[in-house]
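Thanks for making the time, everyone. I would like to walk you through one helix contact and the core beside it on the slide, so please have a look at the model first.

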Amino acid sequence: MADFQITTPDGTTYTIRNAANEQAARDALAEMMAAMLQNEPPRERTRAAAQGLTLGAADELEAGLRTMYNDTPYQGTLDEIRGSLKGYQEAYPLEALGYEVGGAVLPAAGAMLLAPFTGGTSTAAVMPTLGRLAGVSALQGGISAFNTGEGGFKARALRVPLGVAGGAVGGVAAGGAMRVAGAAINKLTDAARRLIGNRGSTIVENEIQRIVRQTGKDADQIAADILDGRILAENETIKAIVRGYRAGSGEASTVIMQGMTARPAMTRAEAMRVMRSNLSDESAPSALQAQRRDQAALSAREKVAYSQFDDIPASVQVTQELGEALIRVPTAAKELEIQLRAETGQNPFYRILDDNSVEFTRQPTIGEAEKVRRAIGNRATSLFNDKMGGAGQAVQDVQTSLRGSLDYAMPELGAVRATAASARAQNDAFTAGSKALSGDVYDKLFEFGKLTDPAVIDAYRAGFMSALERTAATGSRNSLIRNLTKADAKEGMLLEAVLPPDAVDEVLNRLKVASASQEATGYVMGGSPTADMGVEASRRGMGVSASDAMGALSLDPSALTNVASKIVSRFTRDLNDAERARVARILVSDDPELVRRAIVDESGMAALQQRVQQLMAGLTRGARGAGSNVGASYGGDTSQEIGQGLLAQ
C-alpha cells in the first residue's frame with residue numbers, strides 16, 4: 001500500500017493514501033468526486049443577481065408569481081427559494097456575492113450601454129457628489145436590509161438602522177473611489193483634448209475658444225446673450241482683448257471700429273423704444289407729441305359734449321345763483337368776459353352795476369352758467385396754489401353752491417363734467433411725470449403712489465417718458481442710460497416704480513445691454529494700447545488663457561503643463577491679418593449661430609472626452625450600488641442581531 005498524488009485536468013492535485021497502485025488511486029478519486037457532485041447545492045446565479053437588482057425583494061416576488069400559477073402555499077415556496085439561495089451562498093460565497101453585486105450594478109450598466117443611442121441622456125456626464133452618493137446609498141441600504149430580512153415587519157425593521165449606515169458607508173467608499181478615478185481619467189482626456197483636439201479646428205476657432213474661456217460662459221450662454229442684444233466684444237472680461245484688436249492695424253481694426261462705433265446709439269435707441277412701448281404710445285414720434293395729440297382729441301370731445309347745453313335756458317334758481325357768484329368772485333366774471341369776447345367777439349350777457357349788483361342783458365344758458373362755474377373753480381385753485389387756503393376755500397364754496405344748482409336743473413351735466421375732469425387730471429399727471437427727474441425722488445415716488453385711476457397713471461408714465469426723451473437728447477444721454485440700470489439711483493428708482501410690473505425685466509435688460517455697449521465702446525475706442533495688450537497679443541493663436549499664464553508665473557505644475565502643451569502645438573504662430581479679421585467679425589457679430597459654431601469644439605477628442613465623462617459617471621453610480629448592497633447586507637445582519645439581543649433582555 002502506498003500514497004499517490006493525482007492531478008486533475010483543472011490543475012488541482014489530490015493525495016490518495018494507502019492505495020494498492022496508481023489506477024486504484026485514480027478510481028478512488030473518481031468515486032470521491034462523484035459523491036461530492038451528488039451533494040453539491042445548485043448554483044443560483046440568476047436568483048442571486050435578481051436579489052441585487054431588486055434590493056433583496058426578488059425571492060418574495062418569485063414566490064408570489066409561482067403561487068399565482070401553481071397550487072402551492074406561498075410560505076413553503078418562499079422557504080424553498082431562500083433555502084436554495086442560502087445553500088448557494090454557503091457553498092460558493094464569493095461567487096454568490098459577485099452575482100448579487102453584479103445585479104445591483106445592472107441599472108447603471110444598462111444606462112451606459114444606451115448612452116450612445118440616447119445622446120447621453122440616459123447617463124448624465126456629471127459625477128455625483130459625495131453627499132448625493134451617501135444619501136442615495138443610505139436609502140438603498142435601508143431598503144435592501146429590510147427586503148432581505150425574514151419574518152414579520154418588526155423583525156425586518158430591526159435590520160434597517162445599520163443597513164442604512166452600512167449602505168451609506170459602502171456606497172460612499174466604492175462610489176467615492178470610482179469618483180476619484182473618474183476625475184483623474186477626465187483630467188487626462190481633457191489634457192489630451194487640449195493638446196491634440198485643437199488640431200481638428202482652424203486657428204481662428206482656436207483663438208475664439210481661447211477668448212471665450214476667459215468669459216466663464218459656455219456656447220449656449222453666449223448665444224443667449226446675443227439673442228438678448230449683446231455681442232461678444234462687449235463682455236466685460238475680454239474688453240482688453242477687443243481693444244487690442246482695435247488698436248492693431250489692418251482689416252481687424254476696421255471691423256472692430258465699424259462694428260462697435262454704431263452700437264451705443266443703436267442699443268440706446270432700442271432701449272428707448274422698449275421703454276416707450278411700455279410707458280407711452282410707441283407709434284408717435286415722441287411721448288410729448290403723443291400727449292398733445294391725445295389732449296387735443298380730449299379737448300375737442302369736451303367742447304362737443306358741452307355744446308349741447310349752449311341753447312338750454314337757465315332756470316330761475318340757476319340764474320339767481322349765477323348772479324350771486326359773479327358778484328362774490330369778480331375775477332371769475334373778468335375771466336369769463338375775456339373768454340366770451342375771444343370766442344364770439346361780443347360783450348358778455350351781463351353787466352356789473354355801480355351798486356355791485358348784476359344785470360343780465362338776456363336769459364343766460366346752462367352752458368354759460370357752467371363756464372362761470374369753471375372760472376370760479378380756476379380762481380379757487382389759483383388761491384390754493386398761492387398758499388391762500390382761506391380765500392381759496394371761500395371761493396370754492398361759491399363754486400360748489402353754483403354746481404349744486406346746475407346739477408339739480410340739468411343732471412346730464414354731471415357726466416360731461418366728470419369726463420372733462422378726467423381729461424384735466426390726465427393732463428396734470430402728464431405734467432407731473434414730465435418733471436419727475438427734478439426735485440426730491442421720494443416726493444416723486446409718493447406723488448406717483450397716490451394715483452389710482454388707470455388713465456391718470458398712464459398719463460404720468462407718458463410724462464415720465466417725455467422727461468427721459470428730453471434728457472436722452474442732451475449730452476447726459478450716457479449717464480441717463482447708466483443710471484436707469486441702477487436700483488439706488490434716482491432714475492432707476494423712478495423707472496422701476498413707474499413701469500408696469502410685468503415690463504421691468506424686459507426694460508432693464510435692454511437698458512443693461514445699452515449701458516454695457518456704451519461702456520465697452522468707450523473703452524475699446526478710447527486711448528492707445530497699453531502693455532497688457534502687448535501681453536495679450538503674444539498669447540493669440542496659442543490657446544493660452546489668462547489663468548494659464550498666471551498659474552505658470554506662480555510655477556503651478558498643472559498650468560506649466562498646459563502652457564507647454566499649447567506652445568508645442570502648431571498654433572503657436574500669431575494670426576495673420578485675414579485670420580485676425582475673421583476673429584474680429586465673430587467678436588462683433590450679432591448672429592448667435594455663427595458665434596456658437598466658432599465656440600463649440602466639435603472635434604473627435606471633445607466627443608471622446610464627453611463619452612469618457614458619461615462612462616465614468618455611470619461606473620461611479622454602479623460602484624455606489626454595489627458598495628451599498630454589500631454594506632447593507634453586513635449592516636442589516638448586525639443590526640438584527642443587536643436588536644434581537646436587546647429585545648431578549
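Val441, Tyr442, Lys444, Leu445 and Phe448 in helix 20 are in contact, meaning heavy atoms within 4.5 Å, with Lys490, Met493, Leu494, Ala497 and Val498 in helix 23. Sorted by type, the residues of this contact are eight nonpolar, no polar and two charged, where Ala, Val, Leu, Ile, Met, Phe, Trp, Tyr, Cys and Pro count as nonpolar, Asp, Glu, Lys and Arg as charged, and the others, Gly among them, as polar.

This is a predicted model, in which local features need pLDDT of at least 70 and side-chain atom pairs count only at pLDDT 80 or more, while totals for chains, interfaces and linings use all residues. Residues are numbered from 1 along each chain as its sequence is written, and side-chain values use heavy atoms, with hydrogens and water left out.

How do the axes of helix 20 and helix 23 cross? The axes of helix 20 (residues 441-449) and helix 23 (residues 490-498), lines fitted to C-alpha atoms over the stretch in contact, with angles running from 0 to 180 degrees between N-to-C directions, come within 10 Å and cross at roughly 5°. The two helices are therefore roughly parallel to each other, a label for angles under 35 degrees.

Turning to the core, the largest nonpolar core, a set of buried (under 20% relative accessible area, 1.4 Å probe, protein chains only) Ala, Val, Leu, Ile, Met, Phe, Trp, Tyr and Cys residues joined through side-chain atoms within 4.5 Å, has 34 residues, and Leu495 is among those that touch the most other members. Its largest share, nine residues, comes from helix 21, helices being DSSP runs of H or I with at least four residues, numbered from the N terminus. Leaving aside residues up to four places away in sequence, Leu495 touches Met275, Leu279, Phe464, Leu484, Val507, Leu508 and Leu511.

Note on methods. Angles under 35 degrees count as roughly parallel, over 145 as roughly antiparallel, 65 to 115 as roughly perpendicular and the rest as oblique. Buried means under 20% relative accessible area, exposed over 50%, partly exposed in between (1.4 Å probe, protein chains only).
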